[in-house]
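Could you walk me through this structure, step by step, as someone meeting it for the very first time? I would like to know what to look at and where.

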Amino acid sequence: MSTGTLWIQRAITLDPRPRGFHLITGDVVRELPELESMAAGMLHLLIQHTSASLALNENASPDVRRDFETYFNQIVPEDAPYWTHTLEGSDDMPAHIKASLLGPSLTLPVTRGKLALGTWQGIYLCEHRDRGGARTVVATLIGSDSSWLA
Amino acid sequence: MSTGTLWIQRAITLDPRPRGFHLITGDVVRELPELESMAAGMLHLLIQHTSASLALNENASPDVRRDFETYFNQIVPEDAPYWTHTLEGSDDMPAHIKASLLGPSLTLPVTRGKLALGTWQGIYLCEHRDRGGARTVVATLIGSDSSWLA
Amino acid sequence: MSTGTLWIQRAITLDPRPRGFHLITGDVVRELPELESMAAGMLHLLIQHTSASLALNENASPDVRRDFETYFNQIVPEDAPYWTHTLEGSDDMPAHIKASLLGPSLTLPVTRGKLALGTWQGIYLCEHRDRGGARTVVATLIGSDSSWLA
């Protein structure tokens, strides 16, 4: 079915978090009240930084998020002898790599006014710096208010 | 050129697969007959699980898909001493990590009624659990039936 | 706000690059003059290959891009004993893995005629083969010329 398309775009500022993996589904949805009026659509999120990333993973157990932090420190070591970009601190170059392993953006479907996530899926802010500060996410929400849902 | 936009959204159920990497391009396209009528568009797929993922890779050689399974088992070991989230089985926490290394979603261009993939590209269901069961993918197809193609 | 949606789609050919990570933001934007007239939108890029990928990372220091190449060679070794898909050369199977760790596509927001990237973000072509040749990227640009920007 052909309909007009709604476009909403805004920057969301996320409070500073410690290094690690943090659930931010609520923080994101709260900033997008227009989501509720969409029959079908997509939400695109881009984090405008190169040392933090976004992921979608288990939303219940804090130990999953802790194991993410442990794993990525293991696989992208700070003290590796091969780093040459070391001027901005030992956590900087590993943060760039982690950011690209996990990715800077998420695209999520919207169905009947809600994010169409699985029961156990939540949005993670992955903070890879020791002191990353506030982070900006550009949210682009596009959708239809009368789409054919089948 | 400004045109109305078509929106199609539906859930696709994928039959249970054994742990490993599986080509599902045909399974997905078969569920989206509206694809054929689109001049230009995008198909977004989200797997609604945190222990399986989607990827786009080589569609011809089964040994490529086998090497994917071997590699990810190597890089995300089940018996690592650092896992703390172990209650749901030794394949669970590695499955969460693999899911985020590969990602939960794909966005693919649609051109003249077909997915605009490269000759060798196919959609992979990456099943990271020993017994993952059926998997649900939400497909969102948006497009134009009279776009300017240049 | 509901508006008509603009759709632009075209293939962009990228000149052959040596194996490594290369900034291509300018090459991409140059091929999409329609970007300038969009108030709000999204640009989707898909690389139509399984041994090269796209990423978004630090756009200033060449040593960051060199460290990316070093890191991915370390983490996906060419001479690993577990590869079985070796017929197309020792750089082939690692290239497939790297391509899926980094991903074949990027979706980027467009705001007031420009890509809404962070100050330090640039688009990388990640060339994982020794002689990858020219690479094709399908660009799909959708947007609104009168969106409500808040």
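Here is a short tour that goes from the contact between two chains to the core, and then to single residues and their partners.

Please keep in mind that this is a predicted model. A good place to begin is where chain A meets chain B. The contact draws 41 residues from chain A and 32 residues from chain B. Between them the two chains bury about 3,000 Å², with 59% of that area on carbon and sulfur atoms. On the side of chain A, the residues A:M42, A:D67 and A:Y71 lose the most area to chain B, and together they account for 20% of what that side buries.

What holds polar groups together across this boundary? The rule finds 14 residue pairs in polar contact across the interface of chain A and chain B, while the count of salt bridges between chain A and chain B is zero. Several elements of chain A each supply at least two residues of the side that touches chain B, among them β4 (40-47), β5 (52-58), α2 (62-75) and α3 (92-102). The largest share, 10 residues, comes from α2(A). Sorted by kind, the residues of this side of chain A divide into 22 nonpolar, 15 polar and four charged.

Now let us turn to the interior. In soluble globular proteins, nonpolar side chains tend to be buried together. Here the largest nonpolar core has 51 residues, and those with the most contacts inside it are A:Y71, A:F72, B:Y71, B:F72, C:Y71 and C:F72. You may recognise A:Y71 from the list of residues that lose the most area to chain B. To get a feeling for one member of the core, look at B:F72. Leaving aside neighbours within four places in sequence, B:F72 is in contact with B:F21, B:K98, B:L101 and B:L102, and also with C:I97 and C:L101 of chain C.

Some of those partners lead us to helix α3 of chain B. B:K98, B:L101 and B:L102 are among the buried residues of α3(B). In fact, 11 of the 11 residues of this helix (residues 92-102) are buried, so the helix is largely enclosed by the rest of the structure. Just after α3(B), B:G103 takes a positive phi of about 100°.

A positive phi also turns up at A:R112, where the value is near 45° in a residue other than glycine. A:R112 is placed in the loop between β6 and β7 (114-115) of chain A. Is A:R112 buried or exposed? Its relative accessible area is 61%, so A:R112 is exposed. In chain C, the phi of C:R112 is likewise near 45°, and C:R112 is exposed with a relative accessible area of 61%.

Next come two residues that are tucked away. A:H85 lies in the loop between α2 and α3 of chain A, and it counts as buried because its relative accessibility is 4%. The side chain of A:H85 makes a polar contact with the side chain of A:E88 (3.2 Å) and another with the side chain of A:D92 (3.0 Å). Its contacts further along the sequence or in another chain include A:M93, A:H96, C:S61 and C:D67. C:N57 lies in strand β5 (residues 52-58) of chain C and is buried, with a relative accessible area of 0%. The side chain of C:N57 reaches across to chain A, making a polar contact with the side chain of A:S100 (2.8 Å).

Finally, consider the charged pairs. Side chains of opposite charge can pair when their charged atoms come close. Over all chains the count comes to 24 salt bridges. One of them joins B:E69 and B:R19, with the closest N and O atoms 3.0 Å apart. This pair links distant parts of the chain: B:E69 sits in helix α2 (residues 62-75) and B:R19 in the loop between β2 (5-14) and β3 (20-23), 50 residues apart. In chain A, A:R19 and A:E69 belong to a network of salt bridges together with A:E78 and A:D130. Another pair is B:E127 with B:R135, at 2.8 Å between the closest N and O atoms. B:E127 is buried at a relative accessible area of 0%, and B:R135 is buried at 4%.

How values were computed: Residues numbered from 1 in each chain as written. Chains lettered and ligands numbered in written order. Predicted model: local features only at pLDDT ≥ 70, side-chain atom pairs only at ≥ 80, totals over all residues. Heavy atoms only, no water. Buried < 20%, exposed > 50% of the residue type's maximum accessible area, 1.4 Å probe, protein only. Helix = DSSP H or I, 4+ residues; strand = E, 2+ residues; numbered from the N terminus. Contact = heavy atoms within 4.5 Å. Buried area = accessible area lost by both parts, 1.4 Å probe. Salt bridge = Lys/Arg side-chain N within 4 Å of Asp/Glu carboxyl O. Polar contact = N/O pair within 3.5 Å; in protein donor to acceptor, adjacent residues only side chain to side chain. Nonpolar A, V, L, I, M, F, W, Y, C, P; charged D, E, K, R; others polar. Core = buried A, V, L, I, M, F, W, Y, C linked by side-chain atoms within 4.5 Å.
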